Each structure stands twice: as structure tokens, then as C-alpha cells.
Amino acid sequence: PDLVPANLQDVLDHVMVYMDRRTSKKVRMVKEAPAHDIIVRLNSSLFEWVIENLCKNAVDAMGGDGGTITLRVEETASKIILLVSDTGKGIRKRDIANVFRPGFTTKTRGWGLGLSLARRIVEEYHRGRIYVKSSEVGKGTTFCIELRK
């Protein structure tokens, strides 16, 4: 897929609108980002799918009680850092190493392919990095995506 300059702010806004339409009012979406445009080379459709997948997993992890999903953007001189955090059930330490493995799932439904495909999109197509930054059972999880400027 072609990577073209895109405004990450617009991509995140689009995902937030999509998620707001498809989730319970108990799920709150928050974006914390600089006020200026953040231009990065992306395939917007694929990258949006990655963020949507992380958000859908977060909704599942929060269950019927709802919670908050935070999209936080940070910048350094050489990269853009996107943190996707939730207030869900968290990931057990022994499972963190497996979350990107094809077929791994803790859900009763699904194929366990979402995060492995997300990793492929981020790392192979966008030459970035995706990983679990932190997770605490009962508190939530933060995924980190790093992209070169």
C-alpha cells in the first residue's frame, strides 16, 4: 500500500467518530494531542483499522460497565508516539508476550488475528513499532505505536 502524507489528527478524529457510533454511551473516548497538525506518511485506511482494532479490543476488555479509551499523541524530534489506553481488565503478565501471535485470544469468540494483523500493518507497511507499553490486571492496558516522522 502507498504511504502518503496524512494528518494524524484527522485519522484519530475519524476513528473516534466511528467508535462513538458503535459503542455504548458508557464508553468515553478521549484524545490528548498537540493542537497543531501532525503530518506523517500513512496509508490512512490501514492505519485507521489498526486504531479501530485496538479500540474494539479495549471496549471488549471494559465489558458492560464501560470505561475510558484515551488516544494520546506525543512527539519527539524523530518520531510520533501514539498511546492507546483503556480502563479495562488488563492483560495477565504471562499473556503479554503472546498477544501479537496469530491465533492467540482470551475471548470466547474470534480468531485471534486482529493484533497480529495490526502488528504487520504497523511494522511491515509503516516501518513503525507496536507493543504493549503497560498492563495491569483490573486497571487497564496501554498499547504504544511509534512512527518515524
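This report walks through a pair of packed helices and three residues in a predicted model.

## How helices H1 and H2 meet

Let's begin with two helices. H1 covers residues 8-22 and H2 covers residues 44-62. Their axes lie 10 Å apart, and the helices pack at an angle of about 45°. Because of that angle, H1 is oblique to H2. The crossing of the two helices is right-handed.

Which residues make the contact between H1 and H2? From H1 come Leu8, Val11, Leu12, His14, Val15, Tyr18 and Met19. From H2 come Ser44, Phe47, Glu48, Ile51, Glu52, Cys55, Lys56 and Val59. Sorted by class, this contact has 10 nonpolar residues, along with 2 polar and 3 charged ones.

## Val15, a residue of the helix contact

Val15 belongs to helix H1, and you have just met it as one of the residues in the contact with H2. Is Val15 buried or exposed? Its relative accessible area is 0%, so Val15 is buried.

Setting aside residues up to four places away in sequence, Val15 touches Glu48, Ile51, Glu52 and Cys55. These four also appear on the H2 side of the helix contact. You can also look from Val15 to Met29, which is 14 residues away along the chain. The C-alpha atoms of Val15 and Met29 are separated by 9.9 Å.

## Gln9, reaching to Pro34

Gln9 is another residue to find in helix H1. With a relative accessibility of 7%, Gln9 counts as buried, because the cut-off for buried is under 20%.

Where does the side chain of Gln9 reach? It comes to the backbone oxygen of Pro34, at 2.6 Å. Pro34 is also among the contacts of Gln9 when neighbours within four places in sequence are left aside. The others on that list are Lys31, Ala33, Ala35, His36, Asp37 and Ile38.

## Thr141 in strand S7

For the last stop, move along the chain to strand S7, which spans residues 140-148 and holds Thr141. Thr141 has a relative accessibility of 5%, so Thr141 counts as buried.

What does the side chain of Thr141 make a polar contact with? The partner is the side chain of Ser135, at 2.7 Å. Not counting residues up to four places away in sequence, Thr141 touches Val84, Ser85, Asp86, Gly90 and Ile91, as well as Val132, Ser134 and Ser135. Ser135 therefore turns up both as the polar partner of Thr141 and in its list of contacts, where contact means heavy atoms within 4.5 Å.

Methods. Residues numbered from 1 in each chain as written. Predicted model: local features only at pLDDT ≥ 70, side-chain atom pairs only at ≥ 80, totals over all residues. Heavy atoms only, no water. Axes fitted to C-alpha atoms, helices over the stretch in contact; angles between N-to-C directions. Parallel < 35°, antiparallel > 145°, perpendicular 65-115°, else oblique. Left-handed = near helix turned anticlockwise from the far one by under 90°. Nonpolar A, V, L, I, M, F, W, Y, C, P; charged D, E, K, R; others polar. Buried < 20%, exposed > 50% of the residue type's maximum accessible area, 1.4 Å probe, protein only. Polar contact = N/O pair within 3.5 Å; in protein donor to acceptor, adjacent residues only side chain to side chain.
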